[in-house]
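Open the model in your viewer and keep the selection panel at hand. This tour goes from stop to stop and says what to pick next.

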Amino acid sequence: MLLSKIKKIPFTCTQFNKFFISYKSNVSCIDPYESCKFLSSYFKSGRTKEAENLFEAIPQKNVVSWSIVIHGYSINGFYKKSVKSFSQLMFSGLFPNSFTMVGVLVATVGLQNLELARSMHGLIVKCGLESDLIVGTAMLDAYGKCGNIFDSYKLFEGLKNPGLVSCNAIVAGLINNELFERAVSLFNRFRRSGLVPNSVTVLTVIRGCVALGSRAFCESIHGLTIKLALILDLCVNNSLLYMYSSLMDLAAASQIFGEPDCKDVISYTTMMGLLVNLEHASDALKIYCKMRKSGILDDMVVIINLISACSVLGDLKRGRQVHARAVVCGFQSELPFSNSIIAMYSKCGDLDSSRTVFDQTTEKSLVSWTAIISGYVQNGCAREALNLFVKMRQENDYSIDSIMLVSVLTASGELAALVLCLQLHCYAFEAGFPHYRSVQNSLISAYSKCGNVDLAHIVFKEMGFLRDVISWNAIISGYGINGHGGAALALYHEMMKGGKILDGATYLCILNACSHAGLINDGLLIFNQMIEANNVKPSQEHHGCVVDLLARAGCLSDASLLAGKLLEGTGPNIWRALLSGCLLHSNVELAELAARQVFEQDPEESGQVVLLSNVYASVGRFQDAEALRSSTLKKRLIKNPGISLLDDSSSDFG
């Protein structure tokens, strides 16, 4: 009924024009107080264009309206417009007030212009506003955030009775300038003087605690937030969650995450990120499902966490689903997303998709190149990785970081490209990476694989206190693969005497070294030590090393007995080790048994057929060897071809 009545009321364009004219005339006659009130409201709600139109319509602009515009532009990120408006105010002959100064100082911080900050400081003194607490606080904040913490602190000391806002500003300035210990010390001084912190204080101090990595500081600030009931603030709660995530403390982070009834996307992304970093990818996906049920929408950080979870799990199918979802959400053009997708496909073994995304990324960064090069290295395509590295050096003038250097060194080691390793070693010195542990460990491994274990040992010795378990593993493995079992054994004992904590990889390296050197008694003794130590559980790889050790030494019956005992749940590598030993000692009967076991567990692999054929040939059964190879060709089981590396010394990798 009401709708039908409304439809019957005539409304002409003439009436609309009259209404519009009437509105315009009212704007021109608007009360100055009302105009400033509307102007402030527009800027606070982000309606900058409407604020500009209203300001233009004000006939008599005073210092209040100008100050609202200057401050409004600043809080909305239009810093240059704010400074320009301030210049226009000064040219108009109006005298700025404290609110004007605060507005332009906010713009100064946004522009990170220290010279402008100094100019404003001079003008503040000239205008006699230096004693104004609000202006003084804004000035010291501007100095601190523009990198001049000395003058910032000097201004703070000159303030009479500084309040909480001023104290927050100086603590934030110290933290922004990476003076974390000084910031926390000053905060403690404020607390002793009776200052009661608010949520802004706590958020600032947590940043300092995270940077210091001090668990004691972190737990103290956590206790303070509980005491002051600030933990009920969602921003504070999220900050505490981030703090414990930075410490990789899953128990504390889970407690913080479970406490508030209200969570936002930051809460979920922080928790997901921690779980992914700790490789609890399945739990990260469960958190995501809870987030979706709560009605919170995805953002790019959520999507990147999902992609990282798929990378950890090696779940290509789910990774593709996340990729599709990201495209639907409109994140495909974002560079961080593209880089994550490149890495995810590589880690899931789909190099073609990884390369497609890389090629389609128009604005590549060093992270993009690192992701694709690392992907090729991880998937055993070292030559392609180095070709891409050369292409990157030709097309872009990037300064190679330590992560890229480690990837290229790994590729060089896989290809035994000694000249390239030497060039990269020189680059590491030039770029200032001699004290990067990851680079040094990669150099040890690369030199070892190039057959130059002497250079590897020099790098190892020069590392000094930087040496970790990975360094020891790399040098022990280096001596082992180059046939220096005795030297590897000596390093192992030196490591034991030094009280170093051995991991599964350490035992794997030394057992391999003993196997290649025929040190059967030493190898078996070390294997027993590993079992008795209880800190490392023997894996299939460890058992495979022992079988290989026995088989190479000619103890085929013992090797066969051990392989038989490990039959349940064992992988094909143990039987391959036994098969290789049979080839060395021409044991046909046992070789046939081992080959059958390998074929049952890995029917697509043709290596065992080639090994068995060689065993037949070694005892003169050439017809059997030929028949086996012929049947292999018929079944289209073709051995992977070997690669002959021709070192191209003309390539410029430097």
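A nonpolar core is a set of buried Ala, Val, Leu, Ile, Met, Phe, Trp, Tyr and Cys residues joined through side-chain atoms within 4.5 Å. Keep that in mind for the second stop. The model is predicted, and confidence comes before anything else.

**Stop 1: colour by pLDDT**

The protein averages a pLDDT of 82, and 79% of the residues score at least 70. Select helix 27, residues 437-449: confidence peaks here, at a mean of 95. Now jump to helix 2, residues 13-28, where confidence is lowest, at a mean of 36. Widen the selection to residues 1-29. The pLDDT is below 50 over this stretch, which has 4 contacts in the model beyond near neighbours in sequence. Then take residues 636-654. Here too the pLDDT is below 50, but the stretch has 22 contacts beyond near neighbours in sequence. Where pLDDT is low, the predicted coordinates should not be read in detail.

**Stop 2: the nonpolar cores**

Which members of the largest core touch the most other members? Select I170, I221, M404, L405, I476 and I510: they do, in a core of 132 residues. Helix 23 gives this core its largest share, 7 residues. Next, show F55, L89, M120 and M139. They are among the members of a second, separate core of 33 residues.

**Stop 3: helix 25**

Two of the residues just picked, M404 and L405, are buried in helix 25. Select residues 402-414 to show this helix of 13 residues. From first C-alpha to last, helix 25 reaches 18 Å, close to the 18 Å expected at 1.5 Å a residue. Its buried residues also include S402, S407, V408, L409, A411, S412 and G413. Add the partners: the buried residues pack against helix 23 (366-378), helix 24 (382-395), helix 26 (418-430) and helix 27.

Zoom in on M404. Leaving aside neighbours within four places in sequence, M404 is in contact with L366, W369, T370, I373, F389 and M392. Then step just past the helix to A416, which takes a positive phi of about 55 degrees.

**Stop 4: helix 14**

Select residues 215-227. The 13 residues of helix 14 should span 18 Å at 1.5 Å a residue, and the end C-alpha atoms are 18 Å apart, so the two agree. Colour C218, I221, H222, L224 and T225, the buried residues of helix 14. Why do they lie on the same side of helix 14? They cover an arc of only 160 degrees around the axis, which puts them on that one side. Rotate to the face turned away from the buried side. There you find the exposed residues A216, I226 and K227.

Now show the cover. Helix 12 (180-192), helix 13 (199-212), helix 15 (234-246) and helix 16 (250-258) are included in what covers the buried residues of helix 14. After helix 14 comes A229, with a positive phi near 60 degrees.

**Stop 5: T270**

Go to helix 17, residues 265-277, and pick T270. Is T270 buried or exposed? T270 is buried, because its relative accessible area is 15% and the cut-off is under 20%. Not counting residues up to four places away in sequence, T270 touches L241, Y242 and S245.

**Stop 6: two cysteines**

Finish with C167 and C426. C167 has 4% relative accessibility and so counts as buried. C426, at 46%, counts as partly exposed. The structure holds 0 disulfides.

Conventions:
Residues numbered from 1 in each chain as written. Predicted model: local features only at pLDDT ≥ 70, side-chain atom pairs only at ≥ 80, totals over all residues. Heavy atoms only, no water. Disulfide = S-S within 2.5 Å. Buried < 20%, exposed > 50% of the residue type's maximum accessible area, 1.4 Å probe, protein only. pLDDT = per-residue confidence, 0-100. Helix = DSSP H or I, 4+ residues; strand = E, 2+ residues; numbered from the N terminus. Contact = heavy atoms within 4.5 Å. Expected span 1.5 Å × (residues − 1). Arc of directions from axis to C-beta.
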